Amino acid sequence: MPTITGFDHVALTVADLSVSVPFYTALWGLPPVASMNDGSFRRQVIALPGGTNLGLTEHDRAGAGFDPTAAGLDHIGFAVADRDELATWVRHLDGLGIEHSGPVEADYGVAVSFTDPDGVALELFVGRRAT
């Protein structure tokens, strides 16, 4: 069986890079590290801690908005170290004016959910073993 070593990147289609890039830059406190302009699309890449890259792609031909109930992506969950760090993230989201769910308990961990400017569902998550 072939193996993988993890995620290299996640690429999101966005409606407007001029809106999404500042949102994600403020959210992560990280500027884009690479860009691509391939004629029919433009992409900015943010290198996240842990080695995963987040690509933000604006296509010339935009489709319908994000729907987490449609087949495809439900949400992206980003791991945080523990509940204290999750509380720090809640304060950071509040400071940025980003609406969120607050900590929500589940059998398998605790999550704080919010959306990006295009309505893509994002989550900050602490697994039960880290709590």
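**Aromatic rings, a nonpolar core and helix α2**

Phe23 and Tyr24 are both buried. The model in which they appear is a predicted one.

A pair of aromatic rings is described by the distance of the centres and the angle of the planes. Four aromatic pairs are counted. In one of them, the ring centres of Phe23 and Tyr24 are 5.1 Å apart and the planes meet at 85 degrees; an angle over 60 degrees counts as edge-to-face, so this pair is edge-to-face. Tyr108 and Phe125 form a tilted aromatic pair, with 6.0 Å from centre to centre and 35 degrees between the planes. Tyr108 belongs to the loop between β6 (104-106) and β7 (109-115), whereas Phe125 belongs to strand β8 (residues 121-127), so this pair ties together parts that are 17 residues apart in sequence. Tyr108 has a relative accessibility of 60%, and because the cut-off for exposed is over 50%, Tyr108 counts as exposed. In addition, Trp28, Phe78 and Trp89 make up one aromatic cluster.

The next topic is the interior. In soluble globular proteins, nonpolar side chains tend to be buried together. In this model, the largest nonpolar core has 27 residues, and those that touch the most other members are Tyr24, Leu27, Trp28, Leu56, Phe114, Leu122 and Leu124. Two or more residues of this core come from each of α1 (17-28), β4 (53-59), β5 (76-79), α2 (83-96), β7 and β8. The most is given by α1, which supplies six residues. The contacts of Leu27 serve as an illustration: leaving aside residues up to four places away in sequence, Leu27 touches Trp89, His92, Leu93, Leu96, Ile98 and Phe114.

Helix α2 can now be considered by itself. With 14 residues at 1.5 Å a residue, α2 should span 20 Å, and its end C-alpha atoms are indeed 20 Å apart, which agrees. Which residues of α2 are buried? They are Leu86, Trp89, Val90 and Leu93. These residues cover an arc of only 105 degrees around the axis, and therefore they lie on the same side of α2. The elements covering the buried residues of α2 include α1, β7 and β8. On the face turned away from the buried side, α2 carries the exposed residues Asp84, Arg91 and Gly95.

Both ends of the helix may also be examined. At the start of α2, a side-chain oxygen of Asp82 comes to within 3.2 Å of the backbone nitrogen of Asp84. After α2 comes Gly97, which has a positive phi, near 75 degrees.

Technical notes:
Residues are numbered from 1 along each chain as its sequence is written. This is a predicted model: local features need pLDDT of at least 70, side-chain atom pairs count only at pLDDT 80 or more; totals for chains, interfaces and linings use all residues. Side-chain values use heavy atoms; hydrogens and water are left out. Rings of Phe, Tyr and Trp (its six-membered ring) pair if their centres lie within 6.5 Å; planes under 30 degrees apart count as stacked, over 60 as edge-to-face and the rest as tilted. Buried means under 20% relative accessible area, exposed over 50%, partly exposed in between (1.4 Å probe, protein chains only). Helices (H or I, at least four residues) and strands (E, at least two) are DSSP runs, numbered from the N terminus. A nonpolar core is a set of buried Ala, Val, Leu, Ile, Met, Phe, Trp, Tyr and Cys residues joined through side-chain atoms within 4.5 Å. Contact means heavy atoms within 4.5 Å. The expected span of a helix is 1.5 Å times one less than its number of residues. The arc is that of the directions from the helix axis to the C-beta atoms. A polar contact is a pair of N or O atoms within 3.5 Å; within protein, one must be able to donate a hydrogen and the other to accept it, and residues adjacent in sequence count only if both atoms are side-chain atoms.
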